[in-house]
Amino acid sequence: MYSYYIIIISFHTVNCNTNTTDFKLHVAKHLMSLIEKALILPGELLFEEAKKIRDKIFNKKIYLRAIIEFSNVCVNDCAYCGIRRSADVKRYAMKEEEIVKLAQYAEDIGYGTIVLQSGQNSIYDESLCEVIREIKETTSLAVTLSCGEKSFETYKKWKESGADRYLLKQETSNPELFRKLTNRSLEKRFACLKALLDLNYETGSGNIVGLPEQKLEDIAKDIVTFAEWNFDMLGIGPFIPCYGTPLENCRAGDVELTMKVIAISRIVCKDVNIPATTALRTKVGEVSNIFDCGANVVMGNVTPYEYKKLYRIYPGKVCVFYEPESWLENMKELIKSCGLKPSGERGSRKKGRFKPNFKTLEKIVEKLNNLSEDLTSWEKRLEIENITKDCSKLL
Ligand code: SF4
């Protein structure tokens with residue numbers, strides 16, 4: 001059955017003859033309708049299966065990663081973001097030596113990966129090379145970068161300096177919605193993702209669930225895209241409205257829906273690294289439920305308080321008031337209380353070990369459909385979609 005296997009659907013790079021394109025679009029539609037059904041159905045069976053797959057692949061390990069939010073300077077003006085260019089927030093840019101010292105500290109307290117994150121700016125285009133080199137020379141940390149859209153040459157320089165991974169979320173695979181929210185082009189975003197994959201970065205994408213005007217089919221397309229591009233990491237979090245942004249009065253994304261997106265992504269993409277994102281933890285708290293949907297990574301913030309309080313991409317972020325070491329100890333206990341194993345290993349993904357496929361998801365949807373026909377009712381769909389619609393006039 002074609003639907004059991006991912007074939008290149010190329011939503012973003014259609015580049016084939018008409019017959020092949022028709023066939024691919026047909027397959028894409030089939031997969032999207034399957035995911036839309038799964039998103040409407042109750043989550044329990046999805047969560048159960050997602051956990052089973054995670055526990056088998058990762059041997060019940062949850063990877064702990066440290067994050068340094070080294071600058072909140074950003075040239076972009078994304079409508080959902082509290083540190084957007086036009087936001088009234090005090091800006092900071094940490095010194096290079098400070099970043100290196102914090103990375104070394106992260107290794108000392110037991111982390112195996114450091115994530116260096118900033119708004120999109122050109123302040124560090126050159127100097128980050130030295131930061132990465134020094135971290136790699138003085139620690140055995142894996143280095144993940146998350147600094148936005150850059151030229152191929154900049155990504156290349158950073159890779160050659162020793163960076164291992166790069167996170168650049170697609171946010172939504174709906175090009176019009178992406179344009180409205182960011183005033184940027186989704187095509188460019190995917191060109192950057194392609195550059196990162198070509199340069200052999202372990203590459204991460206992800207989405208925001210519950211954006212105004214986002215439809216279930218957009219979310220389904222996000223998941224098909226995750227599988228099609230075979231990303232190594234997926235950051236999936238609910239939309240959280242931030243004061244001082246055009247979307248401040250919008251309703252937040254639904255937690256259960258977000259957890260279903262994580263669970264389906266786990267079921268389809270298998271061994272991909274999926275964090276229980278800070279956005280999700282901000283909505284539900286630091287509770288055991290965050291691992292219920294198949295996430296296998298959690299990030300601890302080692303940024304000093306004076307800076308991290310200013311990195312407010314949305315309000316109420318967890319981690320801001322905790323000391324890194326006490327947070328880490330509490331998180332390890334929480335992980336153990338779920339019958340899982342906290343791990344400070346690097347936790348890199350070995351590409352090619354598993355191929356994304358939709359076979360298990362098809363079986364689950366079939367089973368749930370047989371349990372009750374009501375479950376896929378249009379009322380349920382409308383209820384979910386209405387959650388995402390109430391701000392459409394603001395965009
Ligand atoms: S989401 Fe990222 S790129 Fe967009 S404004 Fe915020 S920090 Fe900048």
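**View 1. Ser71 of β1 meets Ser118 of β2 in this predicted model.** Start with this pair: Ser71 has Ser118, over in β2, as its bridge partner. The two strands involved are β1 (residues 61-71) and β2, and five bridges join them in a parallel arrangement. How does the chain get from β1 to β2? Helix α3 (residues 96-108) belongs to the unit too: β1, α3 and β2 together make a right-handed β-α-β unit.

**View 2. Strand β2 is buried from end to end.** Take a look at residues 113-118: six of the six are buried, so β2 is largely enclosed by the rest of the structure. Pointing one way from the strand you'll find Thr113, Val115 and Gln117. Ile114, Leu116 and Ser118 point the other way, and these are buried as well.

**View 3. β2 also pairs with β3.** Strand β3 covers residues 142-146, and five bridges link β2 to β3, with the two running parallel. For one pair to look for, try Leu116, whose bridge partner in β3 is Leu145. To go from β2 to β3, the chain passes through α4, and this β-α-β crossover is right-handed.

**View 4. Helix α4 has a buried side and an exposed face.** Twelve residues, 127-138, make up α4. From first C-alpha to last, the helix reaches 17 Å, close to the 16 Å expected at 1.5 Å a residue. Which residues of α4 are buried? They are Leu128, Val131, Ile132 and Ile135. They cover an arc of only 95° around the axis, which puts them on the same side of α4. A bit of helix geometry helps here: an α-helix has 3.6 residues a turn, so residues three or four places apart point the same way. Now check the face turned away from that buried side, and you'll meet the exposed residues Ser127 and Glu137.

**View 5. β5 and β6 run side by side in the parallel sense.** Six bridges hold this pairing together on paper, and Gly206 stands opposite Gly235 in β6. Helix α8 (residues 216-229) joins β5 and β6 in a right-handed β-α-β unit. Is β6 buried or exposed? Six of its six residues, 233-238, are buried, so β6 is largely enclosed by the rest of the structure. Met233, Gly235 and Gly237 point one way from β6, while Leu234, Ile236 and Pro238 point the other way.

**View 6. The ligand sits among a ring of named neighbours.** Which residues surround the ligand? They are Cys74, Asn76, Cys78, Cys81, Ile83, Arg84, Gly119, Gln120, Gly148 and Ile313. Sort this shell by class and you get five nonpolar, four polar and one charged residues.

**View 7. Glu171 and Asn200 both have a positive phi.** Most residues other than glycine have a negative phi. Glu171 has a positive phi of about 70° although it is not a glycine, and for Asn200, also not a glycine, the phi is positive and about 70° too. Where does each one sit in the chain? Glu171 is in the loop between β4 (165-167) and α6 (175-182), whereas Asn200 is in the loop between α7 (186-198) and β5 (202-209). Their surroundings are worth a look as well. Glu171 has 24 other C-beta atoms within 10 Å, so Glu171 is buried. Asn200 has 10 C-beta neighbours inside 10 Å, so Asn200 counts as exposed.

**View 8. Helix α9 is largely enclosed by the rest of the structure.** This helix, residues 255-269, has 15 residues and reaches 21 Å from its first C-alpha to its last, close to the 21 Å expected at 1.5 Å a residue. Why is α9 described as largely enclosed? Twelve of its 15 residues are buried, so the rest of the structure largely encloses α9. Among the buried residues are Thr258, Met259, Lys260, Val261 and Arg266. Right after α9 comes Lys270, whose phi is positive, near 55°.

**View 9. Glu256 in α9 has Gly43 as a partner for comparing distances.** Glu256 has 15 other C-beta atoms within 10 Å, so Glu256 is partly exposed. Now find Gly43, which is 213 residues apart from Glu256 along the chain. The C-alpha atoms of these two residues are separated by 7.5 Å.

Key. Residues are numbered from 1 along each chain as its sequence is written. This is a predicted model: local features need pLDDT of at least 70, side-chain atom pairs count only at pLDDT 80 or more; totals for chains, interfaces and linings use all residues. A residue is near a molecule or strand if its C-beta atom, placed from the backbone, lies within 6 Å of it. Ala, Val, Leu, Ile, Met, Phe, Trp, Tyr, Cys and Pro count as nonpolar, Asp, Glu, Lys and Arg as charged, and the others, Gly among them, as polar. Helices (H or I, at least four residues) and strands (E, at least two) are DSSP runs, numbered from the N terminus. A residue is buried if 20 or more other C-beta atoms lie within 10 Å of its own, exposed if 12 or fewer, and partly exposed in between; C-beta atoms are placed from the backbone. Two strands pair if DSSP finds at least two bridges between them. A crossover is right-handed if, with the strands pointing away from the viewer, the path from the first strand over the helix to the second runs clockwise. The expected span of a helix is 1.5 Å times one less than its number of residues. The arc is that of the directions from the helix axis to the C-beta atoms.
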